[in-house]
Amino acid sequence: MRAAAGDVVSILCLVSVAATLDFKYHHSEELEAYLKAVHEEHRSFTHLHSIGRSVEGRDLWVFVLGRFPTHHKTGIPEFKYVANMHGDETVGREILLHLIDFLVTSYRRDPVITRLLNNTRIHIMPTMNPDGFEATKVPDCYYTQGRYNKNGEDLNRNFPDAFENNSASIQPETQAVMNWIRNETFVLSANLHGGALVASYTFDNGNSVTGSLKGYSKSPDDDVFIHLAKTYSFNHASMYKGTGCDSRQTFPGGITNGYSWYQLEGGMQDYNYIWGQCFEITLELSCCKYPKADQLEQFWNDNKAALIEYMKQVHLGVKGQVTDQNGNPIPNAIVEAEGRRHICPYRTNEQGEYFLLLLPGTYVINATVPGFKSMLKMLEIPDNTGNFSALKYDFSFSEVSIGSRAGSCPKTPLYQELEQASAAVKPTLHILVFMTVMLVIFK
């Protein structure tokens with residue numbers, strides 16, 4: 001009877017925690033208790049799991065919401081929010097807890113949230129750097145050692161980089177996120193920071209191949225990234241004004257190309273885009289990195305609409321499956337829109353699925369099974385974000401029956417290699433032009 005009574009008390013405590021999410025800072029034990037309580041109360045459409053541990057052994061919790069919270073379901077895109085990778089940038093951590101609270105209380109009550117959760121699998125990681133948060137004993141608006149993990153490493157400089165060799169030792173928190181990205185089919189993401197007020201988009205690093213000599217590092221999907229950044233900015237209470245945090249720094253429309261702002265090596269958003277096939281932007285949500293707790297409610301109100309509208313963008317573009325003549329999925333088939341070739345080609349997952357974020361317009365989609373003939377399809381892609389489903393188009397290869405093949409790109413500076421290759425080709429072209437001119441002269 002004592003054990004049973006204890007269980008009842010525990011359950012009541014959990015329910016109490018879930019019912020009252022205050023606008024204050026929640027330390028690791030409180031955060032964990034809250035997530036467990038909410039999951040316990042809403043088990044039918046939520047899932048809670050740890051993707052790894054920090055240097056000091058704290059769990060890296062991820063809260064998942066959707067009709068199929070425990071696993072990927074064919075046709076349903078995966079979305080994620082990550083916050084607090086710099087431990088002293090704290091607003092995002094609390095905002096994501098309130099986002100969880102809003103989603104679970106609105107599901108099956110609010111039609112927009114209900115359709116969003118029914119058609120999207122949403123992953124929320126309130127803190128990627130719990131050790132850094134706990135190490136920040138004296139909150140500061142500008143800088144503390146809590147920015148870094150326990151080993152003194154900046155986690156947003158710790159990922160493999162596509163433009164130069166990153167010599168930083170991969171940290172446990174970084175490796176956990178890399179494994180998480182590899183194991184899921186993430187389509188869209190945002191990384192929540194503090195210290196400015198702007199939506200920043202890839203690339204953060206660059207070279208001559210991406211136009212960095214002109215002060216802007218452009219990805220093949222630059223138009224989509226601008227749209228994504230503006231979606232958040234213009235649904236935020238004030239980010240769209242672009243005034244930044246002081247008169248010396250302005251961001252037209254409240255957005256910026258990452259490289260144009262400042263060059264960054266080993267960042268998470270570039271890693272997501274190149275090696276994770278996931279479009280990620282960085283959201284700077286507060287001029288003060290660690291503001292007073294009495295401001296948190298206002299931050300939530302300022303960001304609430306933007307957080308929801310941004311999640312809807314996971315349904316942009318086109319999605320579908322690549323199968324063989326028997327309807328079996330073909331993993332690792334390359335599916336891309338012509339004119340948008342990724343340096344690490346976007347490939348189908350184990351279910352043969354592809355997801356391409358594209359703005360409304362006409363595109364030629366190229367599906368290729370290595371070793372076989374490509375299939376081309378011209379598609380008119382509408383804006384289906386309001387319907388919570390991208391346009392669906394499947395490719396069937398009648399003469400192909402193929403199993404899974406290794407298709408991942410090496411975690412090497414792919415753009416650096418491309419730049420070097422381009423530089424090596426240029427002298428050859430000059431020689432060919434010279435020889436052609438001389439031949440014409442002698443003739």
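1. Let me start with a single cysteine: Cys-287 is partly exposed, and its relative accessible area is 37%. Please keep in mind throughout that this is a predicted model. The partner of Cys-287 is Cys-245, with an S to S distance of 2.1 Å in the disulfide that joins them. Cys-245 is partly exposed as well, at a relative accessible area of 33%. The torsion about the S-S bond of Cys-245 and Cys-287 is about -90 degrees, so this disulfide is left-handed. Cys-245 belongs to the loop between α7 (222-235) and β7 (255-257), while Cys-287 belongs to the loop between β8 and α10, so the bond ties together parts that are 42 residues apart in sequence.

2. How many disulfides does a search of the whole structure find? The search returns 3. Another of them is formed by Cys-141 and Cys-288, whose sulfur atoms are 2.0 Å apart. This link is left-handed, with -90 degrees about the S-S bond. Cys-141 is found in the loop between α5 and α6, and Cys-288 in the loop between β8 (279-286) and α10 (296-312), so parts that are 147 residues apart in sequence are tied together. Their surroundings can be set side by side: Cys-141 is partly exposed, with a relative accessible area of 30%, whereas Cys-288 is buried, at 15%. The cut-off matters for that last label: Cys-288 counts as buried because 15% falls under the 20% limit on relative accessible area.

3. The remaining disulfide to describe is that of Cys-344 and Cys-409, with sulfur atoms 2.2 Å apart. With 110 degrees about its S-S bond, this link is right-handed. It connects distant parts of the chain: Cys-344 sits in the loop between β10 (334-337) and β11 (353-356), and Cys-409 in the loop between β15 (395-397) and α11, 65 residues apart. Both Cys-344 and Cys-409 are buried.

4. What is the pairing when the bonded cysteines of the protein chain are numbered in sequence order? The pattern reads 1-4, 2-3, 5-6. A further cysteine to look at is Cys-278, which counts as buried at 0% relative accessibility.

5. Now for the overall picture. The protein chain has 11 helices and 15 strands. Of its 443 residues, 54% count as buried. Among contacts in the protein chain with a separation of 6 or more, 74% come from residues 24 or more positions apart.

6. The largest nonpolar core holds 107 residues, and those with the most contacts inside it are Tyr-81, Leu-99, Leu-103 and Ile-365. Helix α3 (residues 91-106) supplies the largest share of this core, 9 residues. For Ile-365, the contacts beyond its neighbours within four places in sequence include Val-318, Val-335, Leu-356, Leu-358, Met-375 and Phe-395. Glu-336 and Lys-377 are also among the residues that Ile-365 touches.

7. On aromatic residues, the whole structure gives 26 aromatic pairs. Why does the pair of Phe-163 and Tyr-415 count as stacked? Their ring centres are 4.9 Å apart and their planes are at 10 degrees, which is under the 30 degrees used as the limit for stacking. Phe-163 lies in the loop between α5 (130-135) and α6 (172-183), and Tyr-415 in helix α11 (residues 414-442), so this pair links parts of the chain 252 residues apart. Phe-163 and Tyr-415 are both buried. They also belong to a cluster that ring pairs build together with Phe-203, Phe-225, Tyr-273, Phe-279 and Tyr-346.

8. Two charges over rings may catch your eye. The charged end of Arg-93 sits over the ring of Phe-133, 3.6 Å from the centre. Lys-80 lies over the face of Phe-186, at 5.3 Å from the ring centre.

9. Finally, a simple geometry check on helix α6. At 1.5 Å a residue, its 12 residues should span 16 Å, and the end C-alpha atoms are 16 Å apart, which agrees. For the expected span, 1.5 Å is multiplied by one less than the number of residues. Which residues of α6 are buried? They are Glu-173, Thr-174, Ala-176, Val-177, Met-178, Trp-180 and Ile-181.

Conventions
Residues are numbered from 1 along each chain as its sequence is written. This is a predicted model: local features need pLDDT of at least 70, side-chain atom pairs count only at pLDDT 80 or more; totals for chains, interfaces and linings use all residues. Side-chain values use heavy atoms; hydrogens and water are left out. A nonpolar core is a set of buried Ala, Val, Leu, Ile, Met, Phe, Trp, Tyr and Cys residues joined through side-chain atoms within 4.5 Å. Buried means under 20% relative accessible area, exposed over 50%, partly exposed in between (1.4 Å probe, protein chains only). Helices (H or I, at least four residues) and strands (E, at least two) are DSSP runs, numbered from the N terminus. Contact means heavy atoms within 4.5 Å. Rings of Phe, Tyr and Trp (its six-membered ring) pair if their centres lie within 6.5 Å; planes under 30 degrees apart count as stacked, over 60 as edge-to-face and the rest as tilted. A charge sits over a ring if NZ of Lys or CZ of Arg is within 6 Å of the ring centre and within 35 degrees of the ring normal. A disulfide is a pair of cysteine sulfur atoms within 2.5 Å.
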